[in-house]
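Here are some notes to read alongside the structure, set out as numbered points. Please keep the sequence and the model open while going through them.

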Amino acid sequence: MTVKTKPGGPSALARSEERTALWLLIPSFLIIAIVAAYPLARVVMSSFTNERFAAGAEIRGEFVGLQNYRQLLSMMVLEVPQRLDADGQPVVENGQPVYENARLFLRRLDTELRYDAVRTYDAFGTRYVLAATSADFIRAVWDTLAFTVASVALETILGMIIALTLATKFIGRGIMRAAMLVPWAIITVVSARIWEWMLQSTRAGFFNTFLTDIGLLDAPVAFFQTASLQVPAMVMIDVWKTTPFMALLLMAGLATIPTELYEAAEVDGAGPVRRFFSITLPLLTPTLAVALIFRTLDALRVFDLFQVVYGEARYSMASYAYYQLIASRNVGMSSAASVIIFVMIFVFAILYIRALGVERDGD
Amino acid sequence: MGTRRNNLLKVLGQVGFWALIIVIFIYLIFPFYWATISALKTQSELIQTPATYWPQEPTLRNFRAVFQNPGFLRGLGNSIVVAGSVTLLSLVVGSFAGFALGKLRFRGRTPSLYVILAMTMFPQIAVLAGLYAVIRVLGMPALPSLVLSYMIFTLPFTVWVLTAFFKGLPVSLLQSAQVDGASTFQTFWKILLPLTAPALVTTGLLAFIQAWNEYLFALTFTTISPAARTVPVAMALFAGEIAREEPFGEIMAGAIVVTVPLIVLVMVFQNRIVAGLTAGAVKG
């Protein structure tokens, strides 16, 4: 049995609605195809080639299989031999064994790909070296992960403190909330340059002047030139810039918690700490989850800070891929690095969503 | 005795609370303060050690230099054009999609929403090389290509917020207009769109700020055409009259010039911005 619908009936209306919907979605999908889908597909394709470009002309690459990925990700851990004296005996200085230079040792090895030292570790009386074919990339991955963990953790803690403080009603709350938007509104590049100036290696910089004045430093510290301080300096800048965002999200989450719950808990004699852990934190979890995902994914793709302050002196994953493309003009390698970043971010997102159960909050 | 002790605790609590507020305030504002006083210092005071906490002989020389710097001025112009166009384009395209996804019934609605949302996850760096190739093939000039490529981060957000907003509008509006013989598109354009004005302002502001802030694409796509550099690129590659030293006084003056308008904008629309930032993050 067929139901005939008259023209102008509900079905015709539904069909016209469907047609309108498709027309309205065309611009969005066209844009997505041009700026996201096709470029991503192309990046994946060229990550398997040795494509380069030079002087404006593109050189179509040949298929090289997993060569770029091997070049980026090959790693091994080796024991560094001790230095031997003329008689073939290990050299000992002050009771400590003397090791060969790890880099020179690796250079002597007869491997297909050339390995470079990422870093060395001393354990159980032997020295090990972590060697990689792209030491710079492995270091960039490590630095970016360390940066992400440190900055997201600090932002969450500070953001929570700020959100809880500002949740109380007090005179000047409006001003505080406005002040919170200042770091957020500043261009990341500009904030990098302001902090670059505040962290100058001489006492012309604020931190060196201030820390000497209050007696915490004896001599100026070269924050950006000292290897162990390079990543912490980035964390410091990022935390300043993004904590307000975290705090704003958490404040919005706090506002949705009914005050009666706190009142009831107070009547039951629960102290502030107890109230925080049994009411605030559990009820804030969905908001916290979303905020953590946003911030983690953002931190993993950090580019502006590292590129502006360090250039090629120290890479984040994204700035490594950028320099492979722009400075080395190595499209294949840059694409492979980009794919690795993409996969890492994807994995992180899935893990987070699984662990925090955000999907239940989706619509 | 006990009450006096309680009172003392209360006072101490208050003092601690206000101390915390002040510390937070200083933390948030201080870099901006330091940039401002540095911009007002003379060249010799800038390189003097130890640094001074207040300009000894305030001067506007750095600001004058910035406004005479052709690269910086061009950057400002480019950024206004790019961020303005991005805002307009994402609002038009985004409200089309938001209306379709939020109010119309059609097959493939949920998958469409997911495809658009999936773009939020795209790290810009992952498409950089491919996008660069597309732009070279199309032979697109730098500024339009920036506008187009910024849609990758403004569009998903705009569509997401506007879809939610359209969904919240009563269906009866759509139905009564249809009964009156208006086409679906007319209903959207003439009746529903004006009602979404608050959401349009919010998403527009956020799109503008994101575009104003963007650096990776801007840096890459203007490598061969320095005339198209936007503010972040101009600030990163800032060169003063003397090439040897980094002209931090002028850089700080530039930082103030590009930040103050944005801060004013943010202050005026702060409620909307906070609402926009927290949309989607909080179910309320």
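1. Before anything else, please bear in mind that this is a predicted model, and begin with the overall layout of chain A. The centres of domain 1 of chain A and domain 2 of chain A, taken over C-alpha atoms, are 37 Å apart, where domain 1 covers residues 75–133 and domain 2 covers residues 136–361.

2. Three strands of chain A deserve to be looked at together, with strand β7 (residues 126–132) of chain A as the one to find at the start. Strand β3 (residues 75–80) of chain A runs antiparallel to β7(A) and is joined to it by six bridges, and within this pairing A:Val80 has A:Arg127 of β7(A) as its bridge partner.

3. Strand β6 (residues 116–123) of chain A also runs antiparallel to β7(A), here with seven bridges, and A:Arg119 is matched with A:Leu130 of β7(A). The strands β6(A) and β7(A) form a hairpin with two residues between them, and in this hairpin A:Phe124 adopts a positive phi near 50 degrees.

4. Further along chain A, the student may turn to helix α7 (residues 206–213), in which A:Phe206, A:Phe207, A:Asn208 and A:Thr209 are buried. After α7(A) comes A:Gly215, and the phi of this glycine is positive, near 85 degrees.

5. The contact between the two chains draws on 84 residues from chain A and 81 residues from chain B. On the side of chain A that touches chain B, the most is given by helix α1 (residues 10–46) of chain A, which supplies 23 residues. Sorted by class, that side of chain A consists of 58 nonpolar, 17 polar and nine charged residues.

6. In chain B, how do helix α10 (residues 197–213) and helix α14 (residues 270–278) pack, and at what angle? Their axes lie 9 Å apart and make an angle of about 80 degrees; since angles of 65 to 115 degrees count as roughly perpendicular, α10(B) and α14(B) are therefore described as roughly perpendicular to each other.

7. The residues that bring these two helices together can be picked out by name: α10(B) contributes B:Val201, B:Thr202, B:Thr203, B:Leu205 and B:Leu206, while α14(B) contributes B:Arg272, B:Ile273, B:Ala275 and B:Gly276. By class, this contact of α10(B) with α14(B) is made up of five nonpolar, three polar and one charged residues.

Terms used:
Residues numbered from 1 in each chain as written. Chains lettered and ligands numbered in written order. Predicted model: local features only at pLDDT ≥ 70, side-chain atom pairs only at ≥ 80, totals over all residues. Axes fitted to C-alpha atoms, helices over the stretch in contact; angles between N-to-C directions. Helix = DSSP H or I, 4+ residues; strand = E, 2+ residues; numbered from the N terminus. Parallel < 35°, antiparallel > 145°, perpendicular 65-115°, else oblique. Contact = placed C-beta atoms within 7 Å. Nonpolar A, V, L, I, M, F, W, Y, C, P; charged D, E, K, R; others polar. Domains from an automatic or database assignment. Buried ≥ 20, exposed ≤ 12 C-beta atoms within 10 Å, placed from the backbone. Pairing = 2+ DSSP bridges.
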